[in-house]
Amino acid sequence: MSFWDEKTETMKPGALEKLQLKRLKQVVSYCYSNVSFYREKFRQAGIKPSDIKRLDDVEKIPYTTKRDLRDNYPFGMVAVPCSRINRIHASSGTTGKPTVVVYTRKDLDVWADLMARELYMSGVRKKDTVQLIYNYAFFTGGFGFQQGAEKIGAAVIPAGVGNTRKQIQVMKDFNVSMFSSTPSYALHLAEVMDELNIKSGDLKLRVGVFGAEPWSEPMRKRIEKSFGIDAFDNYGLSEMCGPGVCMECGEKDGMHVWGDHFLPEIVDPESGERADGGELVLTTLTKEALPLLRYRTGDLTSFLDGVCSCGRTHRRIGRIKGRVDDMLIIRGVNVFPSHVEEIIMSFPEIGDSYQVIVSREGQMDSLGVRIEVTPEIFTGSEVQLRDLRERLGRELCSGLDVSVDVELVEPFTLERSAGKAQRVVDLRKE
Ligand code: ADP
Ligand code: ZN
């Protein structure tokens, strides 16, 4: 077992909480002194930084939302003068106007260290060659991974996105041992590898780190099998730093949230009350340029109890189920696209892409899934296809509690994205 920063990663829970409290008090005073938005929020809530005496006192602080960042676009919530800003990134803007995030030199150093911690945990070492398949324009992902991998001393290929055949050629020619992309793009890479008749054994890949969008256990298994790698889930968001907030260890039983830099809470998305499962809320404990108190991530997860056998003591959260806004309400039943994926991807006859389609007939919403099948199934018999369609319909209906119209389509017909996949087609909005 090995660690990038053993002392911090395996800190006794009591000592970690002590450090968190010290840093929480510091960041609260810092926000109050340097960000007028927070001074005003504190005034409205009738609190002062000195009211934070215990970790649970964080609950006295009002939430910060994406809306607050948008209202203060671009630099209204920044806590340092322009001269101290060293880098400016922006989020992907999946749910609207992108949010702008800025970093001081120290923020970049902390971020690089957290990324090194995560990559080291996945097994990346100095000897590795790392291919980063992310859009480098504005987004945080590629830069985060690059800084961490360079800090470890690995060789980095900033491959960017697109030109899938070339990506695979590079993997092969440069002896790439680790790559990182969105999980949906990883599956597309696997498809193109098949087309090129390149087998996982022709490559030197060992490890893959995937994130930026929800994915499922069956999808992990597919990715691991296609490339012959160990695949890890990694979660982050631009508002905190980008990737670097939490990641799975070798146990692959939840992601460790780095408690020395982020204070995690989980709340009921509707009432805002603390809950075991619900929306993740994060407070930055050490950020200089854009400190955020109780930021509502909009992402749904739950805390995992118990001690992790890897030896790390930082709290774990389960897979991100999706965003609060991803939830579809179909005839009164809540449905998450990630749940649809979990059900269909466990069918070996299913290809690597699907779409969830929501439509309305009269007053009734209905749910459909358009799923690519494998080439073998597509060229197989009518009876086989009909049987598969029926089995999928039954599994989806019993898993989701709502009837689902299944449409099976030819392989490679649905659009592929090099970044975050667009899984839901909402015809109600058209
Ligand atoms: P946005 O997509 O909101 O414009 P970012 O580019 O910063 O902003 O992406 C962060 C978001 O991506 C997270 O809030 C979350 O919704 C999603 N995300 C990131 N990593 C994961 C992951 N491992 N699993 C599920 N969702 C993820
Ligand atoms: Zn662990």
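This is a conversation between a biologist and a modeller about how the labels on this predicted model are earned.

Biologist: Let's start with the metal. What makes the site of the zinc ion (ligand 2) tetrahedral?

Modeller: Its 4 donor atoms make angles of 104 to 113 degrees. Four donors earn that label if all angles lie between 85 and 135 degrees, so the site is tetrahedral.

Biologist: And which atoms coordinate the zinc ion (ligand 2)?

Modeller: Cys249 (SG), His256 (NE2), Cys308 (SG) and Cys310 (SG) do, at 2.1 to 2.3 Å. The cut-off for a donor here is 2.8 Å, so these atoms qualify. Along the chain the donors follow the spacing C-x6-H-x51-C-x1-C.

Biologist: Why say that histidine 256 and cysteine 308 tie together separate parts of the chain?

Modeller: Because histidine 256 lies in strand S9 (residues 255-257), while cysteine 308 is in the loop between strand S12 (295-304) and strand S13 (316-317); the two parts are 52 residues apart in sequence. Both histidine 256 and cysteine 308 are buried, too.

Biologist: Nice. On to charges: how do you know that glutamate 265 and arginine 274 meet in a salt bridge?

Modeller: Their side chains come to 2.9 Å, N to O. The limit is 4 Å between a side-chain nitrogen of Lys or Arg and a carboxyl oxygen of Asp or Glu, so the pair counts.

Biologist: Are those two partners buried or exposed, and how do you know?

Modeller: They get separate labels. Glutamate 265 has 2% relative accessibility, and buried means under 20%, so glutamate 265 is buried. Arginine 274 has 36%, which falls between 20% and 50%, so arginine 274 is partly exposed.

Biologist: Which other arginine meets glutamate 265 in a salt bridge?

Modeller: Arginine 294 does, at 2.7 Å, N to O. This pair links distant parts of the chain: arginine 294 sits in the loop between strand S11 (277-284) and S12, and glutamate 265 in strand S10 (residues 262-267), 29 residues apart. Both residues are buried.

Biologist: What makes this a network?

Modeller: Shared partners do: salt bridges join Asp56, Glu59, Glu265, Arg274 and Arg294 into one network. The whole structure has 36 salt bridges.

Biologist: Could we take one more of them? What makes lysine 151 and aspartate 113 a salt bridge?

Modeller: The N to O distance is 3.2 Å, and the limit is 4 Å, so the pair passes. Lysine 151 belongs to helix H6 (residues 141-152) and aspartate 113 to helix H5, so the bridge ties together parts that are 38 residues apart in sequence. With 40% relative accessibility, lysine 151 counts as partly exposed, and aspartate 113, at 23%, is partly exposed as well.

Biologist: Now helix H8. How do you know that its length agrees with expectation?

Modeller: H8 has 13 residues (183-195), which should span 18 Å at 1.5 Å a residue; the end C-alpha atoms are 19 Å apart, so the two agree. Helix H2 (residues 13-34) gets a similar check: its 22 residues reach 31 Å, close to the expected 32 Å.

Biologist: Why is H8 called mostly covered?

Modeller: The count is 11 buried residues of 13. Tyr185, Leu187, Leu189 and Met193 are among them. The elements covering them include helix H7 (164-173), strand S6 (207-211) and helix H9 (217-227).

Biologist: And what follows H8?

Modeller: Just after H8, asparagine 197 takes a positive phi of about 60 degrees. In the loop between H8 and S6 you will also find leucine 205. Its relative accessible area is 8%, under the 20% cut-off, so leucine 205 is buried. Among its contacts beyond four places in sequence are Met171, Phe179 and Phe227.

Biologist: Last topic: which residues touch the most other members of the largest nonpolar core?

Modeller: Among its 74 residues, those are Leu24, Tyr38, Val245 and Ile317. Helix H5 (residues 105-122) gives the largest share, 9 residues. Another core, of 50 residues, lies apart from it, with Ile133 and Leu400 among its members.

Biologist: What is valine 245 in contact with?

Modeller: Beyond its neighbours within four places, the contacts include Tyr235, Trp258, Phe262 and the zinc donor His256.

Terms used
Residues numbered from 1 in each chain as written. Chains lettered and ligands numbered in written order. Predicted model: local features only at pLDDT ≥ 70, side-chain atom pairs only at ≥ 80, totals over all residues. Heavy atoms only, no water. Helix = DSSP H or I, 4+ residues; strand = E, 2+ residues; numbered from the N terminus. Expected span 1.5 Å × (residues − 1). Buried < 20%, exposed > 50% of the residue type's maximum accessible area, 1.4 Å probe, protein only. Contact = heavy atoms within 4.5 Å. Core = buried A, V, L, I, M, F, W, Y, C linked by side-chain atoms within 4.5 Å. Donors = N, O, S within 2.8 Å, 3.2 Å for Na, K, Ca; no water. Tetrahedral: all angles 85-135°; square planar, octahedral: opposite > 155°, others 65-115°.
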